[in-house]
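These are my notebook entries on the model at hand. I record what I looked up, element by element.

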Amino acid sequence: MGRKYANPPILEAVCEFRLSRKTPWDITVPGLLYEKLQQEFPLREDRVVEEWKIASLRGRKRRKSPREQRAVFFTEEKNVMVALGRRLLAVHVLRSYPGWSVFKPKIAKAWECLTEITEIQGLDTIALSYINKIDLPSAEATLKGYLNFYPFVGDRLPQDIANFMVAVESIYAEGRDRGIIALNSAVNNPRSFFLQIDYFLAQADSIPPTIALRWVEEAHSRVEEIFEGCITEELRKQFGP
Amino acid sequence: MRQRSAFLSSAPLWVPSHRICVLRTQKASGLGVSEFAASKTGQENWWPERLILRRISRSPQTRPKEHSPRLWGVLPFWGRSSFTQGIREKLIRLERLGVRIPDPAEVVEYLVRFPELISVVDAVVRLAAKMLPEAQLTLQVYHNPEIDDQYLVLYARFASYDETTIERIRAVRDKYRPLFKNTSCWLLLTTDFRPPE
């Protein structure tokens, strides 16, 4: 991300659109979308996912986990996929990340095909998320030398850390968007860490569906800035020229 | 008993149903564990809830004997579609079945590279657990030291080995071979003749 690296640390990148409830949706949508994407995404699978949702009922929060069927369309190599749930479109790219110049057209294609099938009335959210796996060169290497985002543990606290997780949620675009940076250790492997960046539209219906792709482009710029801000020159060298 | 006392000393952190562990530290002895928890409340800050649901649900008595990793499976992007997170969740489920995964991040990375293996791994592990009930199963990525190659291995480790051990492992392999009919990769079930850890 940011600069184009020879060995980017990206495990997965996801662009997700959640459509408002006003958007008409029925069981024919996955089939119609598959028809349009079949050439690029010929492999098809159905998956059941469980999503945790928190609903407020008379002031009390209640958790529920409805199971949802998702249609997933893969490329031949199975490293790029489009997932379609009820009023949900997600485009995933797995390692090896081919770069934004490849990912962006896939997002655009999936989104434009969906807009041809159903009239999108609003957007609850859009999110662009990157999961990076960062491997330090040795177990002795300190996070401070490679990252500008890491847990600060005061000297009166235990310093022998087994696992950790830190996250920060920041405000962008005058509150319209949010960005989350999260870093957690890979268990039993003191050299590896997961750096996750999630940039999302925090206010439902704050942009019209017609400019969704422009928002995605902006989001990508913000994600690049965040990523470049998280890493030091020393780590940058590891990702190649 | 010493192990148990370590659980009890940190037990209060498992009990509350609305906390998120952000940091886990461990003394050099490996027995003293202190954890720091933080929680957020309010409508906007719902995402930590997901962590609790997954990670802080077991009582100290039902936890494995060793301090099993609890933070590696979390992903703070509550409600996001994530393929990687799906793999992590699958591995967590396998760990709950008793399968050891010494370096889960490496297995996640491998499965992201070879996504066609994901559904098969689950089936193979479950089959092996059923057909080799007394074996300790360990899933890891094997690095061939001679050539730049790596693949996924499921080790079956037994308290004692005899002449039927290899035959039984082969029988499992024969059973799961059809699952790989349409894939270009392979998961090797074998043993290294070590005792269970």
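Among contacts in chain B between residues at least 6 apart in sequence, what percentage join residues at least 24 apart? I find 60%. I note at the outset that this is a predicted model.

**Entry 1. Chain B, overview**

I counted the secondary structure of chain B and obtained six helices and five strands. Along the sequence they follow the pattern α-β-β-α-α-α-α-β-β-α-β. I then looked up burial: of the 197 residues in chain B, 29% are buried.

**Entry 2. The three-stranded sheet of chain B**

I traced an open sheet of three strands in chain B, in the order S3-S4-S5 and with mixed pairing. S3 (136–144) and S5 of chain B stand at the edges; each has a single partner strand, so one side of each is left without a neighbour in the sheet. From one strand to the next, the twist averages 30°.

I next examined the pairing of S3(B) with S4 (residues 149–157) of chain B. The two run antiparallel and are joined by nine bridges. As a point of reference in this pair, I noted that B:Leu137 stands opposite B:Ala156 in S4(B).

Which helices lie across these strands? I recorded two. H4 (residues 104–113) of chain B lies across S3 and S4 of chain B, at about 65° to S3(B). H5 (residues 118–131) of chain B lies across S3, S4 and S5 of chain B, and runs at about 15° to S5(B).

**Entry 3. The nonpolar core**

I looked up the largest nonpolar core and found that it has 94 residues. The residues with the most contacts inside it are A:Val82, A:Ile126, B:Ala128 and B:Leu154. H4(A) supplies the largest share of this core, eight residues.

I followed one of these residues, B:Leu154, further. Leaving aside residues up to four places away in sequence, B:Leu154 touches B:Val124, B:Val125, B:Ala128, B:Leu137, B:Leu139, B:Leu187 and B:Leu189.

**Entry 4. Helix H4 of chain A**

I checked the length of H4(A). H4(A) has 19 residues and reaches 27 Å from its first C-alpha to its last, close to the 27 Å expected at 1.5 Å a residue.

I then listed the buried residues of H4(A): A:Ala212, A:Trp215, A:Val216, A:Ala219, A:His220, A:Val223, A:Ile226, A:Phe227 and A:Cys230. They cover an arc of only 145° around the axis, which puts them on the same side of H4(A). The spacing of such a list has a general basis: an α-helix has 3.6 residues a turn, so residues three or four places apart point the same way. On the other side of H4(A), I found A:Arg214, A:Ser221 and A:Gly229 exposed.

What covers the buried residues of H4(A)? The cover includes S1 (10–19), H2, S8, S10 and S11 of chain A.

**Entry 5. Strand S11 of chain A**

Because S11 is part of that cover, I turned to its own surroundings. Nine of the 10 residues of S11 (residues 192–201) of chain A are buried, so S11(A) is largely enclosed by the rest of the structure.

I looked up the strands that pair with S11(A). S8 (residues 123–135) of chain A pairs with S11(A) in the antiparallel sense over nine bridges; here A:Ile134 has A:Phe193 as its bridge partner. S10 (residues 177–185) of chain A also pairs with S11(A) in the antiparallel sense over nine bridges; here A:Asn184 stands opposite A:Phe194.

The hairpin of S10(A) and S11(A) has six residues between the strands, and in it A:Asn188 takes a positive phi near 65°.

**Entry 6. Backbone geometry**

I noted a cis peptide bond between A:Arg95 and A:Ser96, with omega about 5°. A:Ser96 is found in the loop between S7 (88–94) and H2 (100–117) of chain A.

A:Asp205 is not a glycine, yet has a positive phi of about 60°. This residue lies in the loop between S11 and H4 (212–230) of chain A. Is A:Asp205 buried, exposed or partly exposed? A:Asp205 has 14 C-beta neighbours inside 10 Å and therefore counts as partly exposed.

In chain B, I recorded a positive phi near 60° for B:Phe193, again a residue other than glycine. B:Phe193 is found in the segment after S5 (187–190) of chain B. With 11 other C-beta atoms within 10 Å, B:Phe193 is exposed.

Technical notes
Residues numbered from 1 in each chain as written. Chains lettered and ligands numbered in written order. Predicted model: local features only at pLDDT ≥ 70, side-chain atom pairs only at ≥ 80, totals over all residues. Buried ≥ 20, exposed ≤ 12 C-beta atoms within 10 Å, placed from the backbone. Helix = DSSP H or I, 4+ residues; strand = E, 2+ residues; numbered from the N terminus. Pairing = 2+ DSSP bridges. Axes fitted to C-alpha atoms, helices over the stretch in contact; angles between N-to-C directions. Contact = placed C-beta atoms within 7 Å. Core = buried A, V, L, I, M, F, W, Y, C linked by C-beta atoms within 7 Å. Expected span 1.5 Å × (residues − 1). Arc of directions from axis to C-beta.
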